[in-house]
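Subject: Structure handover and findings

Hi,

Here is the structure I promised to pass on. Please open it alongside this email.

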There are 2 protein chains.
Amino acid sequence: MPERSYHHGNLRTVLLDEAERALIETGVQDLSLRALARDAGVSHGAPRRHFPDRAALLEALAVRGFENLAARLTEALDGARGGFEPQLRAIAHAYVAFAIGRMPLVELMFASKHREGTDATLAAAHAAYAVPFAAISAARRRGELLGTDEQAAGRLAFATLHGLAVLLNTGMIADSDVAATVDTAVDGLLTGLAAHPGRAVGA
Amino acid sequence: MPERSYHHGNLRTVLLDEAERALIETGVQDLSLRALARDAGVSHGAPRRHFPDRAALLEALAVRGFENLAARLTEALDGARGGFEPQLRAIAHAYVAFAIGRMPLVELMFASKHREGTDATLAAAHAAYAVPFAAISAARRRGELLGTDEQAAGRLAFATLHGLAVLLNTGMIADSDVAATVDTAVDGLLTGLAAHPGRAVGA
DNA sequence: CCCCTATGTTGTCAATGACTACATCGGTCC
DNA sequence: GGACCGATGTAGTCATTGACAACATAGGGG
């Protein structure tokens, strides 16, 4: 195998790929620029030519995470037949599966705004949200949504799925059948908890 | 001011208090045992007499966080009049207020199970959950809960509140009126999203 | 009063992030 | 084809950190 030339040629992408793998495997605390450089076969200073600092690398990982999430949700929605309910189920399963398989990345994606310069992450997050929001908007037009505030409905749905994924991942929901848990949660989202509810969202 | 004696006398509690303050202010990445020791006026080796390592300190912070959360939820529930709906609203506002005011701590509380030795955190979390779960159990006995699976209903409610708090904190829900956002989300939780729902939770 | 344990201090080591100065190459322009 | 410039790498330094070990001090119990 010939030794790598002075110019790596694709270092930024390799660092991001390797960083994502390491993040998911051992968590953000153990994620080290120097270790990534060693794995990529370059010196410890090279990553700083692509990321001004460690936080910038983490930011790029978060943006990529939302981009991947958007792709997953789009794919799930494209594969869903029927109306609002099967679409919401498809989105829910895709979201929870995505989150559970890469929870340290998802934590990074949603990490506190204490992190600096998260405008790019916010933009990427909104692009990912647009996918289920479009489905909810279409459901309202078809008369399948209770109430008229589709923004509020979308927020509720996304908040619930994110919360569910977090609780499942931490073991706080100790349910071995993830798919059933997701389906049950979607049931509850659709029908509500109250036996005699007062007002609907936006009614 | 007399110099501190050799034995601090209360170092563990001081370290935890200071660590929680620093965590909330600047995030977990900047939380440093040495800095905490300096702030407490002891040498850099002293904290290790109370916490075997940095992860143990973080674990203790997470446990305390759930203990404080349980107290807040209990207080909110005690102050709520009427049935299920006002109780759920009281819990929701208390939870979101708690989370938003200390998001880096809440992130730590719910951090990935990649973290070692989280049995104590899990136990503390379950104790915190018991508070809203008791309210939901009482609601079912009063016939105020749609369906019979109160465990699933409790999981749905908690997941939604946690997800809502996370999205509000990260700015992904760009709503300046947090109280109204929480009330709208509770509306949605109670009535459901679907105009023509299929089956209820546990029905 | 003695002893033991809890709790501190001091020092060391390896690893890290950030930074600087320098080296190498790829691409563009003349 | 050669020169030059900027992108991208290398090598070294510094400060800080976490973890650990050896030692010092005091408080409490017998």
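Below are the conventions, then the findings.

This is a predicted model: local features need pLDDT of at least 70, side-chain atom pairs count only at pLDDT 80 or more, and totals for chains, interfaces and linings use all residues. Residues are numbered from 1 along each chain as its sequence is written, chains are lettered from A and ligands numbered from 1 in the order in which they are written, and side-chain values use heavy atoms, with hydrogens and water left out.

**Chain A**

Chain A has 8 helices and 0 strands. Helices (H or I, at least four residues) and strands (E, at least two) are DSSP runs, numbered from the N terminus. Along the sequence the pattern reads α-α-α-α-α-α-α-α. The C-alpha atoms of chain A fill a box of roughly 70 × 35 × 35 Å along the principal axes.

Helix 1 (residues 11–26) and helix 2 of chain A pack at about 115°, with axes 10 Å apart. Axes here are lines fitted to C-alpha atoms, for helices over the stretch in contact, and angles run from 0 to 180 degrees between N-to-C directions. The crossing of helix 1 and helix 2 of chain A is right-handed; that is, the near helix is turned clockwise from the far one by less than a right angle. From helix 1 of chain A, A:L11, A:V14, A:L15, A:E18 and A:A19 meet A:L36, A:A37, A:D39 and A:A40 of helix 2. Contact means heavy atoms within 4.5 Å. By class, this helix contact has 7 nonpolar, no polar and 2 charged residues. Ala, Val, Leu, Ile, Met, Phe, Trp, Tyr, Cys and Pro count as nonpolar, Asp, Glu, Lys and Arg as charged, and the others, Gly among them, as polar.

**Chain B against chain A**

In this interface, 62 residues of chain B contact 62 residues of chain A. The buried area is about 5,200 Å², with 64% from carbon and sulfur atoms. Buried area is the accessible area (1.4 Å probe) that two parts lose on being put together, summed over both. On the chain B side, B:M172, B:T191 and B:L193 lose the most area to chain A, together 15% of what that side buries.

**DNA strand D**

There are 25 residues around strand D, and A:Y6, A:S43, A:R49, A:H50 and B:R34 come nearest. Near means that a heavy atom of the residue lies within 4 Å. Sugar and phosphate make up 49% of the strand D atoms within 4 Å of the protein. Helix 2 (residues 33–40) of chain B gives the largest share of this surface, 3 residues.

Polar contacts are pairs of N or O atoms within 3.5 Å; within protein, one must be able to donate a hydrogen and the other to accept it, and residues adjacent in sequence count only if both atoms are side-chain atoms. The side chain of B:R34 has an N or O atom 2.6 Å from a base oxygen of strand D. B:Y6 places a polar side-chain atom 2.8 Å from a base nitrogen of strand D.

**DNA strand C**

Strand C also has 25 residues around it, with A:R34, B:Y6, B:S43, B:R49 and B:H50 nearest. Here sugar and phosphate account for 44% of the strand C atoms within 4 Å of the protein. Helix 2 (residues 33–40) of chain A gives the most to this surface, with 3 residues. A backbone N or O atom of B:S43 lies 2.4 Å from a phosphate oxygen of strand C.

Best wishes
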